[in-house]
Amino acid sequence: MSTIETVTATATAIPPTAELLEAAFRKYVLRYLNMLDRIPGGAVLLRYIKSSYRDDPIRSLIEYALIIFAATYFFTSKKKENRSDFLALSKREVDELIEEWQPAPLVEPVTETEKWRVDDLIVKGENSAHIKILQHPEIPEVVNLASTDFLDLNSDLRMKDAARQTINTAGVGACGPPNFYGSQDAHVRLEEDLARYLNTDNAILYGQDLVTAGSVIPAFLKRGDLAVVDSGVNQAIQKALIVSRCDIEWYRHNDIDHLEQVLNELQPVLKNQKPLRRRFIITEGLFAYSGELAKLPAIVALKNKYKYRLFLDETWSIGTIGKLGRGICEHYDINRDEVAITIGSLANSFSSSGGFCAGVEPMIQHQRINSNAYVFSAALPPYSARVASEAVKLISTNVTSEGESELLLQLHRNLELTYKTLQNNFQDSKYLEIKSSEKSPIIHLGFKNDYRQSLELPSIYGNNVLLTTGKPSKKPNPPSVSYTLESYILQKIIDAVLVKDHTLLNRTRIIFEQENLPVASPRLLVQVNAGVSAEELENVANDLPSVVNAICSSIELPSDLETLYNEMINQ
């Protein structure tokens, strides 16, 4: 090989230099870039590319490579399938596979201890103070003491007219989250009505009352923040605390001394911590599971002393307690400003649906961009908002000379009559006693401790992992036969009262396996209604003891529970 050939071969093996790359870029790439002048706006883009190349040609090359990569990525298939991996099946093979396929069940099968719960009562017609039950056509009318419509507004023609007018103009659905296109004038009016009714700066609405706590609490409490919580709170608050991942300290149910002890013990820990942690005391106004009133004056004094904010769930006290139904704050004559966050339900005394949160303006505006259920869930149907506004109006405007709402006055009269009659009739009973506050519209009747001990029933059900560790149990509560048997005894009482007095009562209805806190024994519930007459209430209150005695007198020993168990599973 000659010297010239050797040099030529060597030169072709040398990688291209930056000068050669630049020459190629000028010759080929710029030729096509100049064609940008032919399209609208191309001159601007071309001018940017030329100035960029002049300042930094390497950056232009990188940008060009990224453009090619992006075009290749978006215009080619995301997944290149290997056709050789496909298995062609004949029609007979496909049919055989379909016949063999067994779909997984969507829910767990009904166990033998749950069969008696399946055939529940079905109301025919509207759900009001007096109803018709499909399973009992022989009973022309049933007194409904199992409804949470405490003011009996479901049957009020003014409420129906309000719903009808809104449906005619706005339809039946909000069709979107409030922050987008779900808010309508009915929602804004209701927020204003609730704020004015509760004497707060503003209010915010939620499409479902059960998720209100689960959205509000995580919006303000995060990992590292602190919640001091009553151990008797409902499941919605339990789940909300778990979702927030905040630190939880529990105090014994409605025990103010223990609350002060917990707050005092936390002081040295919190004193030197930086940054400052957000701190809340969380409780219910009227406890759903016990029917007791929170000792709000003492709680407010402690939260001011130790510098905490107060979160108050008034789901069961709004619309039932106080002269105008403004809840536990009105009952104790405490300014609503003492409560940082108030939540409640529109599905009880307001005869609507959904939930709300009321308080100061910054707290409300914070939720509009940080509360999951408000940002991502559909808004309350406009007719539900209109109905709730009408309920607030009816409660607030029909007032006696003493400043008490006429609707609340009727409810309180019925409640006082029923409570006193039941208290007198069960004073010497061996089996049941009243467990709830005299202000609770739901009167809780529970088995006496002596009777439960004679049946060797546990004093409390469920685990206390959440109480001791602040973290939920990794396993749900195992099914409890004892809890189911207690509920079954109460159901027998309910069925007997229905047949004898044509009155429908209720009992504790929780999903025991999903509770994160220890659960008290089941209760018989008398849910007082303003639409029921005094005669009807006295009738059931006077007959109930004899019904209880007839059923419970045959169940006084542990061996009797075995007989009851066989009866329950063979229904």
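A cavity here is a set of points, on a 1 Å grid over the protein atoms alone, where a 1.4 Å probe fits but cannot get out. Grid points are joined across faces, edges and corners, and a volume is the space filled by probe spheres set on the points. This is a predicted model, where local features need pLDDT of at least 70 and side-chain atom pairs count only at pLDDT 80 or more, while totals for chains, interfaces and linings use all residues. Residues are numbered from 1 along each chain as its sequence is written, and side-chain values use heavy atoms, with hydrogens and water left out.

**View A. The largest cavity, with about 40 Å³ of space inside.** Two cavities of 30 Å³ or more turn up in the count. Around the largest one sit Val 216, Ile 217, Phe 220, Leu 221, Phe 280, Ile 282, Phe 311 and Ile 341 (lining residues have an atom within 4 Å of a point). That makes eight nonpolar residues, with no polar and no charged ones (Ala, Val, Leu, Ile, Met, Phe, Trp, Tyr, Cys and Pro count as nonpolar, Asp, Glu, Lys and Arg as charged, and the others, Gly among them, as polar). H10 and strand S7 (279-284) each give two or more residues to this lining, and H10 gives the most, with three. Helices (H or I, at least four residues) and strands (E, at least two) are DSSP runs, numbered from the N terminus.

**View B. The second largest cavity, at about 30 Å³.** Leu 270, Gln 273, Leu 276, Arg 277 and Arg 279 form its lining. By class, that is two nonpolar, one polar and two charged residues.

**View C. The largest pocket, with a volume of about 1,200 Å³.** A pocket is an open set of points with protein on both sides within 12 Å along at least five of seven lines. This one has 49 lining residues, and Thr 148, Trp 316, Asn 506, Arg 509 and Gln 527 lie nearest its centre. Elements giving two or more residues include helix H11 (235-244), strand S12 (442-447) and helix H21 (481-501). Strand S9 tops the list with three residues. The lining splits into 22 nonpolar, 20 polar and seven charged residues. Both domain 1 (114-154 + 404-570) and domain 2 (171-397) chip in at least three residues each; the bounds come from an automatic or database domain assignment.

**View D. The second largest pocket, at about 610 Å³.** Its lining has 23 residues, with Glu 114, Trp 116, Arg 117, Arg 507 and Arg 509 nearest the centre. Helix H6 (115-118) and H21 each supply at least two of the lining residues, and H21 gives the most, with six. Here the classes come out as seven nonpolar, five polar and eleven charged.

**View E. Where domain 1 meets domain 2.** The centres of the two domains, taken over C-alpha atoms, are 27 Å apart. The contact (heavy atoms within 4.5 Å) takes 31 residues from domain 1 and 31 from domain 2. Between them the domains bury about 2,500 Å², 60% of it on carbon and sulfur atoms; buried area is the accessible area (1.4 Å probe) that two parts lose on being put together, summed over both. On the domain 1 side, Leu 153, Lys 439 and Leu 517 lose the most area to domain 2, together 17% of what that side buries. As for salt bridges (a side-chain nitrogen of Lys or Arg within 4 Å of a carboxyl oxygen of Asp or Glu), the count between the domains is zero.
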